[in-house]
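User: I'm new to this one and would like to learn how to read it. Could you walk me through a few features, giving the general idea before each case?

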Amino acid sequence: MLSANFAGSLFLKSQLAAVWLFQESTPPHYDLLAMWTHMGWPARTIAIILFVMSAWSIGVMMDRWLAFSAARKQSREFAPAVAGALREGKLDEAIRVAERNKKSHLAKVVSAGLHEMRAHQQANDQSEEIPSEKIEASRRALERAGAIVHAELERGLSGLATIGSTAPFVGLLGTVIGIIDAFRQIQERQGATGISAVSGGISEALVTTALGLTVAIPAVMMFNYFTSRIKAFDVEMDNSSSELVDYFLKRASVVRR
């Protein structure tokens, strides 16, 4: 009986202590505007930097998304059209098809090889013979164009990778600055004690860490996505270059016969 009373008393006291701790540890409600108002200027500066990084990354994402979508769409229209023109031996028509699809990564690469071959034909008075050195020159032109297009496709991605890797640390720096400021305020108000005295300042400081992660996570995800798309584009450009060189070689062998 005594043990039962002792256990019931201990359970009641533990419930009262839990309620007291919950009331003490429950921080006051803060919205984002209130947090911004209570932030010091060092933490505000970190938040502004993160907003600028976020705007920059969103701009790069939109630019690359539009560029890749246009390249994919025009390449689907360009590939069968240029293949038909080359099958009929219409080099000038193939070049015109490439010029109509200037956003296509395939058109940019194939156009370089076609222009190199047309320059050879003009220099030789429209001769049908294709010497091996001209085919090799077209191959080099295709390789140069592929490297240039690859660099164009990667435009802005280095900045996106930098933002994705540094934004969490920038947010952490803001948190550290905010916590230091919160403890400085506690020291100035020596009568304030308990978790409620620091909960507001710490919650404001943690906003910068949350903001840093919010900026970094989409940047890293989209960087990986765009990188995989560029690898696929590189494979398509290499295949198109190889097919064009094979076309020139087959045409040269037919002319020799």
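**Reading salt bridges and a pocket**

Analyst: Let's start with a side chain: Arg 64 is buried, with a relative accessible area of 2%. Keep in mind that you're looking at a predicted model.

User: Where does Arg 64 lie?

Analyst: You'll find Arg 64 in helix 3. Helix 3 covers residues 41-87.

User: How do I read a salt bridge, and which residue does Arg 64 pair with?

Analyst: The general idea is that side chains of opposite charge can pair when their charged atoms come close. Here, Arg 64 pairs with Asp 63, and their closest N and O atoms are 2.8 Å apart. The two side chains are also joined by a polar contact of 2.8 Å.

User: Is Asp 63 buried or partly exposed?

Analyst: Asp 63 is partly exposed, at a relative accessible area of 35%. Buried means under 20%, so Arg 64, at 2%, falls on the buried side of that cut-off.

User: Which residues are linked with Asp 63 and Arg 64 in a network?

Analyst: Arg 155 belongs with them: Asp 63, Arg 64 and Arg 155 form a network of salt bridges.

User: What else is around Arg 64?

Analyst: If you skip the neighbours within four places in sequence, Arg 64 is in contact with Glu 152, Leu 153, Arg 155, Leu 157 and Phe 226. Leu 153 also offers its backbone oxygen, which sits 3.2 Å from a polar atom of the Arg 64 side chain.

User: How many salt bridges are there in the whole structure?

Analyst: A search turns up 7. One of them is between Arg 72 and Glu 236, whose closest N and O atoms are 2.7 Å apart. This pair ties together distant parts of the chain, with Arg 72 in helix 3 and Glu 236 in helix 8 (residues 196-256), 164 residues apart. Arg 72 is partly exposed at 23%, and Glu 236 is partly exposed at 23% too.

User: And how far apart in sequence are Arg 139 and Glu 136?

Analyst: They're 3 residues apart in helix 6 (residues 132-153), so about one helical turn separates them. Their side chains meet in a salt bridge of 3.3 Å, N to O. Arg 139 counts as partly exposed at 31%, as does Glu 136 at 34%.

User: Let's go back to helix 3. Is Ser 57 buried or exposed?

Analyst: Ser 57, which lies in helix 3, counts as buried at 2% relative accessibility. A polar atom of the Ser 57 side chain is 2.8 Å from the backbone oxygen of Ser 54. Beyond neighbours within four places in sequence, Ser 57 is in contact with Leu 160 and Ile 163.

User: Now for the empty space. What volume does the largest pocket have?

Analyst: In general, rolling a probe the size of a water molecule over the atoms shows where empty space is left. In this case, the largest pocket has a volume of about 360 Å³.

User: Which residues lie nearest the centre of the largest pocket?

Analyst: Val 82, Ala 83, Leu 86, Glu 243 and Leu 244, out of 14 lining residues. By class, the lining has 9 nonpolar, 1 polar and 4 charged residues. Helix 3, helix 5 (105-123) and helix 8 each contribute at least two residues to it.

Note on methods:
Residues are numbered from 1 along each chain as its sequence is written. This is a predicted model: local features need pLDDT of at least 70, side-chain atom pairs count only at pLDDT 80 or more; totals for chains, interfaces and linings use all residues. Side-chain values use heavy atoms; hydrogens and water are left out. A salt bridge is a side-chain nitrogen of Lys or Arg within 4 Å of a carboxyl oxygen of Asp or Glu. Buried means under 20% relative accessible area, exposed over 50%, partly exposed in between (1.4 Å probe, protein chains only). Helices (H or I, at least four residues) and strands (E, at least two) are DSSP runs, numbered from the N terminus. A polar contact is a pair of N or O atoms within 3.5 Å; within protein, one must be able to donate a hydrogen and the other to accept it, and residues adjacent in sequence count only if both atoms are side-chain atoms. Contact means heavy atoms within 4.5 Å. On a 1 Å grid over the protein atoms alone, a cavity is a set of points where a 1.4 Å probe fits but cannot get out, and a pocket is an open set with protein on both sides within 12 Å along at least five of seven lines; lining residues have an atom within 4 Å of a point. Grid points are joined across faces, edges and corners, and a volume is the space filled by probe spheres set on the points. Ala, Val, Leu, Ile, Met, Phe, Trp, Tyr, Cys and Pro count as nonpolar, Asp, Glu, Lys and Arg as charged, and the others, Gly among them, as polar.
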